[in-house]
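Dear colleague,

I am handing over a structure that you have not seen before, and I would be glad if you kept it open beside this message while you read. My notes on what was found follow directly after it.

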Amino acid sequence: MLEYVLLAVPVVFLVASVYFAYKNVVMGRRSRKSAVLRQIASFAIVGSVCLITSMVAMAAGEGDAAAEAAKTAASSGDINMGLSMIGAALATGISGIGGGIAVGGAAPAAIGATSEDPKAFGKALIFVALGEGVALYGLLVSILIISKIG
């Protein structure tokens, strides 16, 4: 029962922070910058809560089996699989962030160009698709990494 409560606490924090940030921006009480700062602070709080709960669980003796399994996995050579999973996650995450930045800059410009000249839609769409392609390439690289391990 304690495990479910410990799992529910971070989820409640994250959902509540997203809801309140959205509500404040829609109501006009806060600027977007303060909403982003609140989100970062809430993620830091959730991370520290997760760390504290895992430390409490290990102190209570519930983490002994997990620690023993981690030692066994590390000694049997599964460290390569763990590092490749981290590499796949980084490839997907960083390419997704880069693609989001690219689309965030290209899409408004494409909409503006299309509103001025409807014939520019095809050219503008290419630039937006190039930004999305970055994220797709990162996803492809992570799929190749994962298929290589499995």
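Overall make-up

From the N terminus on, the elements of the protein run α-α-α-α-α. Please bear in mind from the start that this is a predicted model. There are five helices in the protein and zero strands. Of its 150 residues, 16% count as buried, and the protein exposes about 10,900 Å², of which carbon and sulfur atoms supply 75%. As for how the chain meets itself, among contacts between residues at least 6 apart in sequence, 64% join residues at least 24 apart.

The pair α4 and α5

Most of my notes concern two of the helices, and I take each of them by itself before turning to how they meet. Helix α4 covers residues 79-116; this helix has 38 residues and reaches 55 Å from its first C-alpha to its last, which is close to the 56 Å expected at 1.5 Å a residue. Helix α5 covers residues 121-149; with its 29 residues, α5 reaches 42 Å from its first C-alpha to its last, close to the 42 Å expected at 1.5 Å a residue.

Two packed helices are described by the angle between their axes and the distance between the axes. For α4 and α5, the angle is about 175° and the axes are 8 Å apart. Because angles over 145 degrees count as roughly antiparallel, α4 and α5 are roughly antiparallel to each other. Sorted by class, the residues in the contact of α4 with α5 are 20 nonpolar, 10 polar and one charged.

Which residues of the two helices are buried? In α4 they are S84, A88, S95, G99, A106 and A110, while in α5 they are A124, V128, G131, G133, G138 and S142. The buried residues of α4 pack against α5, and, seen from the other side, what covers the buried residues of α5 includes α4.

Three residues of α5

To see how this pairing looks at single positions, it may help to follow three residues, beginning with G131. G131 has its place in helix α5, and because its relative accessibility is 5%, G131 counts as buried. Leaving aside its neighbours within four places in sequence, G131 is in contact with G99, A102 and V103. Of these, A102 is 29 residues away from G131 in sequence, yet their C-alpha atoms are 4.9 Å apart in space. G99, another of these contacts, is itself listed among the buried residues of α4.

S142 is also found in helix α5, and S142 counts as buried because its relative accessibility is 4%, with under 20% being the cut-off for that class. Not counting residues up to four places away in sequence, S142 touches A88, A91 and T92, and A88 appears among the buried residues of α4.

The third residue is I145, and here one may ask: is I145 buried or partly exposed? I145, which is found in helix α5 as well, has a relative accessible area of 27% and is therefore partly exposed. I145 nevertheless touches S84, G87 and A88, again not counting residues up to four places away in sequence. Between I145 and A91, which are 54 residues apart in sequence, the C-alpha atoms are 9.5 Å apart in space.

Two phenylalanines of α1

Finally, I looked at two residues at the other end of the chain. F13 lies in helix α1, which covers residues 2-27, and F13 is partly exposed, with a relative accessible area of 38%. If its neighbours within four places in sequence are left aside, F13 is in contact with I45, V46 and V49. The C-alpha atoms of F13 and V46 are separated by 6.7 Å, although the two residues are 33 residues apart along the chain.

F20 is found in helix α1 too, and with a relative accessible area of 48%, F20 is partly exposed. The separation between the C-alpha atoms of F20 and Q39, which are 19 residues apart along the chain, is 9.6 Å.

With best wishes

Definitions and conventions. Residues numbered from 1 in each chain as written. Predicted model: local features only at pLDDT ≥ 70, side-chain atom pairs only at ≥ 80, totals over all residues. Heavy atoms only, no water. Axes fitted to C-alpha atoms, helices over the stretch in contact; angles between N-to-C directions. Helix = DSSP H or I, 4+ residues; strand = E, 2+ residues; numbered from the N terminus. Parallel < 35°, antiparallel > 145°, perpendicular 65-115°, else oblique. Nonpolar A, V, L, I, M, F, W, Y, C, P; charged D, E, K, R; others polar. Buried < 20%, exposed > 50% of the residue type's maximum accessible area, 1.4 Å probe, protein only. Contact = heavy atoms within 4.5 Å. Expected span 1.5 Å × (residues − 1). Areas by Shrake-Rupley, 256 points an atom, 1.4 Å probe, with all protein chains shown as cover.
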